[in-house]
Amino acid sequence: MTSDASTVTASLEWYMRKLADRVLTLAAVSLAVASPLTAQSSRDWPIHAPDRPQPRVVDAGAGALPVPPPGDAIVLFDGRDLSRWMQGDGAPAKWIVRDGYFEVRPGSGGIVTRDSFPDAQVHIEWMSPDPAKGTGQNRGNSGVFLMGRYEVQVLDSYGNATYPDGQAAAIYGQFPPLVNASRPPGSWQSYDITFHGPRFDSSGRVTRPATISVLHNGVLVQDHVTLTGPTGHYARPPYEAHPERLPISLQDHAHPVRFRNVWIRPLAEDDLRR
Ligand code: MG
């Protein structure tokens with residue numbers, strides 16, 4: 001081989017190696033991008049598909065609760081009364097308060113915060129009825145509705161299969177949790193939610209969809225998912241323009257689910273820019 005030819009061969013080998021590296025890198029990147037989308041995409045599965053893979057069960061560990069509110073949090077329930085909440089029609093909240101927690105009064109309707117809130121970090125602790133009663137969606141069902149429209153499902157999902165986009169910590173009808181970090185009925189559990197509401201232009205068009213991240217008992221279960229619109233039962237309705245501040249509501253699904261230690265840290269955009 002002449003020296004010229006060997007230089008060309010060496011260059012060609014070098015180029016082929018680079019190309020192979022590049023292809024491998026691209027493959028790795030597309031895999032890394034594709035996996036979470038496949039796992040979490042709401043569009044890949046029909047709503048409430050019962051054959052959608054069940055999220056893996058994870059032991060959340062001991063996780064000390066209650067979590068004391070940070071200094072700048074607004075406490076929505078401190079164990080004493082529901083003065084910061086009301087019925088949907090403005091009447092005083094009818095849910096039961098006892099021993100530092102409050103409990104759904106079945107049939108009384110959902111309750112709503114008296115104040116409206118912007119994008120926020122929300123902490124809430126809840127407990128499924130013990131002993132457990134019912135199966136599937138009919139077992140310890142309630143829900144945390146951000147801005148009254150976007151539900152983080154509350155359900156007894158401890159050894160209780162249901163459609164994955166409706167189990168505990170699902171964004172109802174859209175995103176199953178990444179894993180099932182549920183504790184048994186009768187144990188306190190926590191949600192730490194970061195919610196950024198949607199934005200609309202003056203004609204009502206979405207300029208920014210809503211996003212949610214959720215820790216369930218300290219375990220990441222929703223990783224900044226982008227909502228398709230409000231949540232619904234067998235429905236994924238489109239966004240409808242609404243204010244940037246709205247109340248939070250809790251669902252009466254006719255099950256005596258308990259809640260305590262509810263606090264919120266509004267994430268005003270001014271604060272984020274500091
Ligand atoms: Mg619910």
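## Strand pairing in a predicted chain

Strand β8 (residues 142-146) is joined to β9 by 5 bridges, and the two run antiparallel. Helices (H or I, at least four residues) and strands (E, at least two) are DSSP runs, numbered from the N terminus, and two strands pair if DSSP finds at least two bridges between them. This is a predicted model, in which local features need pLDDT of at least 70, side-chain atom pairs count only at pLDDT 80 or more, and totals for chains, interfaces and linings use all residues. Residues are numbered from 1 along each chain as its sequence is written.

The chain has 274 residues, of which 35% are buried. A residue is buried if 20 or more other C-beta atoms lie within 10 Å of its own, exposed if 12 or fewer, and partly exposed in between, with C-beta atoms placed from the backbone. The secondary structure comprises 2 helices and 17 strands.

In the pairing of β8 with β9, Phe145 stands opposite Glu151 in β9. The two strands form a hairpin with 3 residues between them, and Met147 in the turn has a positive phi of about 50°. Strand β9 (residues 150-154) is mostly covered, as 5 of its 5 residues are buried. Tyr150, Val152 and Val154 point one way from β9, while Glu151 and Gln153 point the other way. In a regular strand the side chains alternate between the two faces of the sheet.

Both strands belong to an open sheet of 5 strands in the order β3-β6-β16-β8-β9, with antiparallel pairing. Its edge strands are β3 (85-87) and β9, each of which pairs on one side only. At the β3 edge, Gln87 stands opposite Ile111 in β6.

Strand β7 (residues 120-127) is also mostly covered, with 7 of its 8 residues buried. Its two antiparallel pairings are listed below with that of β3 and β6.

| Strand pair | Bridges | Sense |
|---|---|---|
| β3 and β6 (residues 111-113) | 3 bridges | antiparallel |
| β7 and β11 (residues 189-196) | 7 bridges | antiparallel |
| β7 and β17 (residues 258-266) | 7 bridges | antiparallel |

Within these β7 pairings, Ile124 stands opposite Tyr191 in β11, and Ala120 stands opposite Pro266 in β17.

Asp59 lies outside the strands, in the loop between β1 (56-57) and β2 (74-77). Asp59 is exposed because 10 other C-beta atoms lie within 10 Å. The C-alpha atoms of Asp59 and Val179 are 9.8 Å apart, although 120 residues separate the two along the chain.
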